[in-house]
Amino acid sequence: MQLKTRELDFVFRLGIVAVFFANGLFKLQNIGGVTLWMESYGFPGFFIIPAIAIEIIAPILILFRIERKFSYLSLMAFCALSAIVFHSDFSDQTQTTAFLKNIALMSGIYFLMVSEIKANS
């Protein structure tokens, strides 16, 4: 069976947004622990609420093709901020890897956004 470009686009889009959705659900289920973890980096704990909202709502909007540009930009900003604030200890290989994964996700989202813009113009 040969997949068409449209189906492949959906599969890859689903793959990227699933990461955010799953992490948003994890944060929601462990809100106290994640808040303490964020605060240990000097980041205000109340930001857990917009973080959860972005990670759960933006992927849904992207899959249902609603407010996609705003959702893509929100996830890209989330990745950049997460990388810089929480994963910039480059003396720790785990943190360096997490930093690079955030940058890679941000890059993947950018390419999804650009390909949609090109396809719709």
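Author: In this predicted model, α4 gives the most to the lining of the largest pocket, contributing 6 residues.

Reader: How is empty space found in a structure at all, before one asks what lines it?

Author: A probe the size of a water molecule is rolled over the atoms, and this shows where empty space is left. In the case before us, the largest pocket has a volume of about 650 Å³, and the elements that each give two or more residues to its lining are α1 (5–29), α2 (31–40), α3 (48–63), α4 (68–86) and α5 (93–119).

Reader: How many residues line the largest pocket, and which of them lie nearest its centre?

Author: The lining of the largest pocket is made up of 25 residues, and those lying nearest the centre are K27, E55, F78, S82 and H87. By character, the lining of this pocket divides into 17 nonpolar, 5 polar and 3 charged residues.

Reader: What is the volume of the second largest pocket, and which residues line it?

Author: The second largest pocket has a volume of about 280 Å³, and its lining includes R6, D9, F10 and R13, together with I62, L63, R65, S115, E116, A119 and N120.

Reader: Which elements supply at least two residues of that second lining, and which one gives the most?

Author: At least two residues of the lining of the second largest pocket come from each of α1, α3 and α5, and α1 gives the most, with 4 residues.

Reader: How do the residues of that lining divide into nonpolar, polar and charged?

Author: For the second largest pocket, the lining residues divide into 4 nonpolar, 2 polar and 5 charged.

Definitions and conventions:
Residues are numbered from 1 along each chain as its sequence is written. This is a predicted model: local features need pLDDT of at least 70, side-chain atom pairs count only at pLDDT 80 or more; totals for chains, interfaces and linings use all residues. Side-chain values use heavy atoms; hydrogens and water are left out. On a 1 Å grid over the protein atoms alone, a cavity is a set of points where a 1.4 Å probe fits but cannot get out, and a pocket is an open set with protein on both sides within 12 Å along at least five of seven lines; lining residues have an atom within 4 Å of a point. Grid points are joined across faces, edges and corners, and a volume is the space filled by probe spheres set on the points. Ala, Val, Leu, Ile, Met, Phe, Trp, Tyr, Cys and Pro count as nonpolar, Asp, Glu, Lys and Arg as charged, and the others, Gly among them, as polar.
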